[in-house]
Amino acid sequence: MARSRSDVLETAILGLLNESPLHGYELRKRLNLMLGSFRAFSYGSLYPALKAMVAHGHIVGTESPTTPPHALSGKRARIVYQLTAEGKERLQTVLASSGPAAWEDESFDVRFAFFAQTDAETRLRILEGRRSRLTERLESVRESAARTRERLDEYTLELQRHGLEQVEREVRWLDGLITTERDRRRTRPSSGPENRHGHDNH
């Protein structure tokens with residue numbers, strides 16, 4: 001699980017820096033917007049992740065010329081992070097992947113956030129994989145609910161119903177997205193982000 005979380009954080013950092021170089025503080029704010037509504041984001045994990053990515057050559061950090069260090073005040077220069085060529089290549093590799101890891105709970109939200117940088121074929125495979133996974137989960141929860149209904153109090157039953165509705169709502173949302181992607185491929189087969197974002201790497 002820890003490795004999965006670090007992979008998700010790395011993908012999020014690469015995707016955000018691909019849009020523009022960012023100070024660590026600004027990067028933290030953007031990550032919180034992206035990840036915060038879905039899961040607890042540990043700020044303590046950001047800077048070790050940045051340090052590891054610098055060591056791997058995926059990003060570089062340079063002191064911002066607008067905020068020089070002040071020896072008397074003790075203020076440190078702000079570091080601006082940006083992708084290297086290797087980092088861009090790493091991001092393209094990640095965004096081109098569409099295996100089970102891409103549609104699990106832990107990583108789907110981040111992958112979806114960068115769909116504008118992902119080619120159409122991969123987008124569709126991830127959406128279909130996510131829908132398949134949720135459909136399996138829905139059937140399992142329904143079977144469990146049917147077996148335990150008589151033994152549960154009204155509040156637990158209400159919580160169970162709420163959980164079912166959430167999954168059903170996401171499946172409907174995915175159905176709409178999948179239909180849109182398929183329609184887009186039929187009407188504009190030669191257009192799409194894949195022709196603007198490293199399509200030659202595939």
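Reader: How many salt bridges does the count come to?

Author: This is a predicted model, so local features need pLDDT of at least 70, side-chain atom pairs count only at pLDDT 80 or more, and totals for chains, interfaces and linings use all residues. Residues are numbered from 1 along each chain as its sequence is written, and side-chain values use heavy atoms, with hydrogens and water left out. A salt bridge is a side-chain nitrogen of Lys or Arg within 4 Å of a carboxyl oxygen of Asp or Glu. By this rule the count is 17.

Reader: Which residue forms a salt bridge with Glu26?

Author: Side chains of opposite charge can pair when their charged atoms come close. Here the closest N and O atoms are 3.1 Å apart. The two residues lie 4 residues apart, about one turn of helix α2 (residues 24-35); helices are DSSP runs of H or I, at least four residues, and strands are runs of E, at least two, numbered from the N terminus. The partner of Glu26 is Arg30.

Reader: Is Arg130 buried or partly exposed?

Author: Arg130 meets Glu170 in a salt bridge of 3.0 Å, N to O. This pair links distant parts of the chain, with Glu170 in helix α8 (residues 154-187) and Arg130 in helix α7 (residues 120-148), 40 residues apart. Buried means under 20% relative accessible area, exposed over 50%, and partly exposed in between (1.4 Å probe, protein chains only). Arg130 has a relative accessible area of 6%, so Arg130 is buried.

Reader: How many residues apart in sequence are the parts that Glu168 and Arg142 tie together?

Author: Glu168 forms a salt bridge with Arg142, and their closest N and O atoms are 2.8 Å apart. Glu168 lies in helix α8 and Arg142 in helix α7, so the pair ties together parts of the chain whose separation in sequence is 26 residues.

Reader: Which element gives the most to the largest nonpolar core?

Author: A nonpolar core is a set of buried Ala, Val, Leu, Ile, Met, Phe, Trp, Tyr and Cys residues joined through side-chain atoms within 4.5 Å. The largest has 23 residues, and Ile13, Leu17, Leu27 and Leu31 have the most contacts inside it. Among the elements that each supply at least two residues are α2 and β3 (79-83). With 7 residues, the top contributor is α1.

Reader: How many residues does the other core have?

Author: This core lies apart from the largest one. Among its members are Ile126, Leu127, Leu164 and Ile178. Its size is 14 residues.
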